[in-house]
Amino acid sequence: MPPRLRLTRREALLGGLSAAGGLLLPGCKHELPPTYGNLLRMGDALTYGAHRTLLSGRSLAREYSRSDISSFPAIGTTDPGNASLPTFNPEFGTTYAQLRSGGFADWRVSIEGLVARPGQYSLADLKRMPARTQITRHMCEEGWSAIAEWTGVPLGHVLKAAGILPTARYVTFHTFDYWTDNIDMLDALHPQTLLAYGMNGADLPVPHGGPVRLRVETQVGYKSLKFLRRLVVHDAFDDLGKDGSMKNGWSWYAGI
Ligand SMILES: Nc1nc2c(c(=O)[nH]1)N[C@H]1C(S)=C(S)[C@@H](COP(=O)(O)O)O[C@H]1N2
Ligand SMILES: [Mo]
């Protein structure tokens with residue numbers, strides 16, 4: 001067979017997109033997450049490249065005032081301890097139900113991976129750390145948005161307390177339901193990225209991810225994982241396959 005010299009239209013388009021992604025990046029030190037030739041993920045890489053090039057890592061998402069707080073639906077898993085719901089994860093759901101019946105006094109989040117001092121943090125441990133309260137708009141990929149006040153400890157503070165190592169590049173979050181996902185260090189250390197334990201002035205309600213959820217204000221709602229159980233710091237990108245956001249065909253980087 002003669003060598004194929006001409007690109008198909010699709011190959012040309014894909015090549016152009018990745019080249020465009022590359023062009024956006026001359027001043028950008030952030031390596032792009034791999035796309036594996038997937039068109040959707042090339043769009044992902046473009047957004048990621050553009051954000052990382054054009055925005056300073058510390059540009060804040062807009063914050064609102066108390067009068068802007070709106071009604072807020074609970075979406076996806078609303079109780080990981082309820083065995084009659086399809087969102088029940090047999091591995092962790094029963095533990096969650098037990099922790100909940102004890103008022104989450106025995107709940108711990110473990111911090112592992114590339115930290116000098118891996119460990120377990122209780123709700124009281126997190127509440128002893130410096131708190132941040134912010135009123136932000138949550139934007140769900142389904143097309144709705146809602147405004148709430150969140151209180152928690154900046155994830156960056158927790159990571160620094162755990163002695164995050166210089167090789168750290170991504171933080172992966174594991175939950176009590178089937179969700180898991182990760183973010184890069186720029187988002188992890190962003191001042192508005194919280195381990196949130198309060199919503200609208202009260203304890204974070206279970207349907208919204210209690211006792212502790214992630215708030216990533218720089219990305220679309222599905223990156224703000226609820227019902228946190230375990231955080232692992234990594235030095236390499238991992239799209240987490242069928243367990244990560246890609247399981248739904250969603251972008252890994254969904255910047256807003
Ligand atoms: N563990 C877990 N985190 C999750 C979800 C979920 O089902 N389980 N749903 C995600 C989606 S799609 C959205 S829009 C928000 C919903 O948060 P809310 O229930 O507080 O509205 O949580 C995100 N985090
Ligand atoms: Mo969502």
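Which polar side-chain atom lies 2.7 Å from an oxygen atom of ligand 1? The tour reaches that contact after a view of the whole chain; the model throughout is predicted.

**The whole chain**

Begin with the protein chain coloured by secondary structure, which shows 6 helices and 10 strands. Of its 256 residues, 49% are buried. Among contacts with a separation of 6 or more, 68% join residues 24 or more positions apart. Switching to a surface display gives an exposed area of about 12400 Å², of which carbon and sulfur atoms supply 57%.

**The ligand and its shell**

Select ligand 1 next, together with the 22 residues that surround it. The closest of these are P73, D177, H208, R213 and K226. Coloured by class, the shell divides into 11 nonpolar, 7 polar and 4 charged residues.

Three polar contacts deserve a distance label. The opening question is answered at H208, where a polar side-chain atom lies 2.7 Å from an oxygen atom of ligand 1. At D177, a polar side-chain atom is placed 2.7 Å from a nitrogen atom of the ligand. At T77, a polar backbone atom is 2.9 Å from an oxygen atom of ligand 1. Ligand 1 taken alone exposes 520 Å², and the protein buries 99% of that area.

**T77 and its partner D177**

Keep T77 selected and display its side chain. T77 belongs to the loop between helix 2 and helix 3. Its relative accessibility is 4%, so T77 counts as buried. While the backbone of T77 faces an oxygen atom of the ligand, its side chain makes a polar contact of 2.5 Å with the side chain of D177. D177 thus appears in two contacts here, one with T77 and one with a nitrogen atom of ligand 1. Leaving aside residues up to four places away in sequence, T77 touches T87, D177, W179, P207, K226 and F227.

**F227 and H174**

From that list, move to F227, in the loop between strand 9 and strand 10. F227 is not a glycine, yet has a positive phi of about 55 degrees. Most residues other than glycine have a negative phi. F227 has a relative accessible area of 0% and is therefore buried.

F227 is also among the residues touched by H174. Select H174 in strand 5, residues 170-175. Beyond residues up to four places away in sequence, H174 touches W179, T180, F227, L228, R229, R230 and V232. Is H174 buried or exposed? Its relative accessibility is 17%, so H174 counts as buried; the cut-off for that class is under 20%.

**The nonpolar cores**

Hide the ligand and select the largest nonpolar core, which has 36 residues. Those with the most contacts inside it are W107, L126, L155, F173, L195 and L231. Several elements give two or more residues to this core, including helix 3 (93-101), strand 1 (108-113), helix 5 (155-161), strand 5, strand 7 (194-199) and strand 10 (228-234).

Centre the view on L231. Residues up to four places away in sequence aside, L231 touches V109, S110, I111, E112, L155, V171, T172, F173 and L195. Another core, of 10 residues, lies apart from the largest one and has F72, A148, W150 and A196 among its members.

**S70 and a link across the sequence**

Return to the loop between helix 2 (39-54) and helix 3 and select S70. S70 counts as partly exposed because its relative accessibility is 30%. Which residues does S70 touch, not counting those up to four places away in sequence? They are A146 and I147. The side chain of S70 reaches the backbone nitrogen of I147 at 2.9 Å. A measuring line between the C-alpha atoms of S70 and S145 will read 9.3 Å, although the two residues are 75 residues apart along the chain.

**Two backbone details to finish**

Select F104, in the loop between helix 3 and strand 1. F104, although not a glycine, has a positive phi of about 65 degrees. With a relative accessibility of 11%, F104 counts as buried.

The last stop is P211, in the loop between strand 8 (202-203) and strand 9 (213-215). The peptide bond from G210 to P211 is cis, with omega near 5 degrees. Most peptide bonds are trans.

Definitions and conventions
Residues are numbered from 1 along each chain as its sequence is written. Chains are lettered from A and ligands numbered from 1 in the order in which they are written. This is a predicted model: local features need pLDDT of at least 70, side-chain atom pairs count only at pLDDT 80 or more; totals for chains, interfaces and linings use all residues. Side-chain values use heavy atoms; hydrogens and water are left out. Helices (H or I, at least four residues) and strands (E, at least two) are DSSP runs, numbered from the N terminus. Buried means under 20% relative accessible area, exposed over 50%, partly exposed in between (1.4 Å probe, protein chains only). Contact means heavy atoms within 4.5 Å. A nonpolar core is a set of buried Ala, Val, Leu, Ile, Met, Phe, Trp, Tyr and Cys residues joined through side-chain atoms within 4.5 Å. A residue is near a molecule or strand if one of its heavy atoms lies within 4 Å of it. A polar contact is a pair of N or O atoms within 3.5 Å; within protein, one must be able to donate a hydrogen and the other to accept it, and residues adjacent in sequence count only if both atoms are side-chain atoms. Accessible areas come from the Shrake-Rupley method with a 1.4 Å probe; for residues, only the protein chains shown count as cover. Ala, Val, Leu, Ile, Met, Phe, Trp, Tyr, Cys and Pro count as nonpolar, Asp, Glu, Lys and Arg as charged, and the others, Gly among them, as polar.
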